[in-house]
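Colleague: I'm new to this one, so could you walk me through it, please?
Modeller: Happy to! Ask away as soon as it is on the screen.

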Amino acid sequence: YASKPIRAGDELTDSYVPADLPYPRRRREIEKCGFTCTCALCQLDKSELELGVKREELITSVLGELKMSSKVFDKQIDKFKSLYGTRDKYRYDLATLLTILAGYYQKDGNLKRSATLLMELSSIQADYYPMNAMETAMEASRLFRASKMEEKARECLERALALNIFY
């Protein structure tokens, strides 16, 4: 089953490896299958190879400093986002950092900030893991509700329902 309607001319893909792997590793794994992938993600990552290396270095740096405050982590996330330039999709490695930062904020009791980051994460996940995107949006709704922000909680639920994923 498709997670969204498919129109004539839409590209259909089958992932041989997880889309959130760094491009060099993804390319090596796919080449073991005997071909070179030319999907939109691989073409974009190939054209932005230098930025991809910088993003990977920043992930390693940030994850190595997990004891930093969440405000410092927020600044690192902003720096990381800038390494995507104008790219508005296929930002899979950003999902890792958003997940970690949302957890930090939740642990610190800042549920509103955690929920906001989870909604950003849900938007990224919708491109490649719609089921996870739905669950993330539902968790954001729970956190907004706990923060007495009913309107935001409702928006999260509407986003989850819009993904049209049913168990």
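Colleague: Which side chain meets K54 in a salt bridge?
Modeller: Keep in mind that this is a predicted model. The partner sits in the same helix as K54, α3 (residues 49-64), four residues away, about one turn of the helix. At 59% relative accessibility that partner counts as exposed, while K54 is partly exposed at 38%. The N to O distance is 3.8 Å, and the partner is E50.

Colleague: How many residues apart in sequence are the parts that E120 and K81 tie together?
Modeller: The side chains of E120 and K81 meet in a salt bridge, 2.8 Å from N to O. E120 belongs to helix α6 (residues 111-125) and K81 to helix α4 (residues 70-82), so the pair ties together parts whose separation in sequence is 39 residues.

Colleague: Is K81 buried, exposed or partly exposed?
Modeller: Buried means under 20% relative accessible area and exposed means over 50%. K81 has a relative accessible area of 26%, so the right term is partly exposed.

Colleague: What is the distance between the closest N and O atoms of R26 and D45?
Modeller: These two link distant parts of the chain, with R26 in helix α1 and D45 in helix α2, 19 residues apart. They form a salt bridge, and a salt bridge needs such atoms within 4 Å. For R26 and D45 the value is 2.7 Å.

Colleague: Are R26 and D45 buried or exposed?
Modeller: The cut-off for buried is under 20% relative accessible area. R26 has 2%, and D45 has 8%. By that cut-off R26 counts as buried, and D45 likewise counts as buried.

Colleague: Which residues are linked with R26 and D45 in a network of salt bridges?
Modeller: A search of the whole structure finds 10 salt bridges. R26 and D45 belong to a network of them, and the other members are E48 and R55.

Colleague: Let's turn to the rings. What kind of aromatic pair do Y16 and F35 form?
Modeller: The count comes to two aromatic pairs. In the pair of Y16 and F35, the centres are 5.0 Å apart and the planes lie at 65°. Planes over 60 degrees apart count as edge-to-face, so the pair of Y16 and F35 is edge-to-face.

Colleague: Where in the chain does F35 lie?
Modeller: Its partner Y16 lies in the segment before α1 (23-31). The pair ties together parts that are 19 residues apart in sequence. Y16 counts as exposed at 53% relative accessibility, and F35 is partly exposed at 31%. As for its place, F35 lies in the loop between α1 and α2 (40-47).

Colleague: Which residue forms an aromatic pair with F80?
Modeller: This pair is edge-to-face as well, at 5.8 Å centre to centre and 80° between the planes. Both of its residues are buried. The partner of F80 is Y84.

Colleague: How many helices are in the chain?
Modeller: Read along the sequence, the pattern is α-α-α-α-α-α-α-α. There are zero strands, and the number of helices is eight.

Colleague: What is the radius of gyration of the chain?
Modeller: The C-alpha trace spans about 55 × 40 × 25 Å along its principal axes. For 167 residues the globule rule gives 15 Å, and the chain comes close to that, so it is as compact as a globular protein of that length. Its radius of gyration is 17 Å.

Definitions and conventions:
Residues are numbered from 1 along each chain as its sequence is written. This is a predicted model: local features need pLDDT of at least 70, side-chain atom pairs count only at pLDDT 80 or more; totals for chains, interfaces and linings use all residues. Side-chain values use heavy atoms; hydrogens and water are left out. Rings of Phe, Tyr and Trp (its six-membered ring) pair if their centres lie within 6.5 Å; planes under 30 degrees apart count as stacked, over 60 as edge-to-face and the rest as tilted. Buried means under 20% relative accessible area, exposed over 50%, partly exposed in between (1.4 Å probe, protein chains only). The radius of gyration is taken over C-alpha atoms; the globule rule is 2.2 Å times the number of residues to the power 0.38.
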